[in-house]
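Okay, thanks for coming, everyone. I'll put the structure up and then walk you through it.

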Amino acid sequence: MPRALIVIDVQNDFCPGGALAVPGGDEIVGGINRLMVDFPSVIVTQDWHPARHSSFASSHAGKTPYDTTEMPYGAQVLWPDHCIQGTTGARLHADLNADRADLIIRKGYNPAIDSYSAFFENDRSTPTGLEGYLRTRGINDLTMVGLATDFCVNFSALDAARLGFAVTVRTDLCRAIDLDGSLATALDGMKAAGVTLA
Ligand code: VGL
Ligand code: ZN
């Protein structure tokens, strides 16, 4: 069955020292590079926000990072400024073998909507185009790795399962933010959606 490895948001801002550092975020890079060898297709995603993006706490008077707010599309966690287009923080980790990627897909560029998932913005309906790319190439079996387990990996895996792809998340090659139990909730939700956790 045609397979792809989807490497989610392995960017400087999500690694130690970055603006939205995920604990141990850089530990997974070597293992991801080794896993790439097993896949005919490798797709890399990149969180890619304009300055003053609506998901940044700094864009909302009186809010601080990790507060939540109501957006027209639902609840939204407000983050520290991160992955701003063209900055060092938005670059892929220097050791990630991005040369193996046949597609690098960017998301979160719409100022008014965040985009955790590689498939849809956070309104869960505006597509990024990744579904079409996979379908036109006949790829229906996906393995996901990267950052963060409980946000972008979780949303990507749930959307892929909903779209009918076979999905495996290699949790050993992911790391989590874990806000208020969000990791446990994400793992339960992925399991319930039929995602294989390996
Ligand atoms: C992510 C929070 C904000 C992620 C991206 O990659 O999981 N999390 N933007
Ligand atoms: Zn983001």
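So, who surrounds ligand 1? Going along the sequence, the neighbours are Asp9, Phe14, Leu20, Asp47, Trp79, His82, Tyr116, Leu147, Ala148, Phe151, Cys152 and Ile177. Keep in mind that this is a predicted model. If you sort that shell by class, you get 9 nonpolar residues, 1 polar and 2 charged.

Now for the polar contacts. On the nitrogen side, a nitrogen atom of ligand 1 has a polar side-chain atom of His82 at 3.1 Å. Then there are backbone partners: a polar backbone atom of Ala148 sits 3.0 Å from an oxygen atom of ligand 1, and a backbone N or O atom of Cys152 is 3.1 Å from an oxygen atom of the ligand.

How much of ligand 1 does the protein cover? On its own, the ligand has 260 Å² of accessible area, and the protein covers 100% of that. And if you go looking for cavities, the largest one is the space that ligand 1 takes.

Back to Cys152 for a second. Its relative accessible area is 6%, so Cys152 is buried. Cys15 is at 4% relative accessibility, so that one counts as buried too.

Since we're on cysteines, how many disulfides turn up in the whole structure? The search finds 0. For Cys15, the nearest cysteine sulfur belongs to Cys83 and is 9.6 Å away, and Cys15 is in no disulfide.

Okay, that's my tour. Over to you.

Terms used:
Residues numbered from 1 in each chain as written. Chains lettered and ligands numbered in written order. Predicted model: local features only at pLDDT ≥ 70, side-chain atom pairs only at ≥ 80, totals over all residues. Heavy atoms only, no water. Near = heavy atom within 4 Å. Polar contact = N/O pair within 3.5 Å; in protein donor to acceptor, adjacent residues only side chain to side chain. Areas by Shrake-Rupley, 256 points an atom, 1.4 Å probe, with all protein chains shown as cover. 1 Å grid on protein atoms, 1.4 Å probe; cavity = no way out; pocket = protein on both sides within 12 Å on 5 of 7 lines; lining within 4 Å. Sits in = over half its atoms within 2 Å of the grid points. Nonpolar A, V, L, I, M, F, W, Y, C, P; charged D, E, K, R; others polar. Disulfide = S-S within 2.5 Å. Buried < 20%, exposed > 50% of the residue type's maximum accessible area, 1.4 Å probe, protein only.
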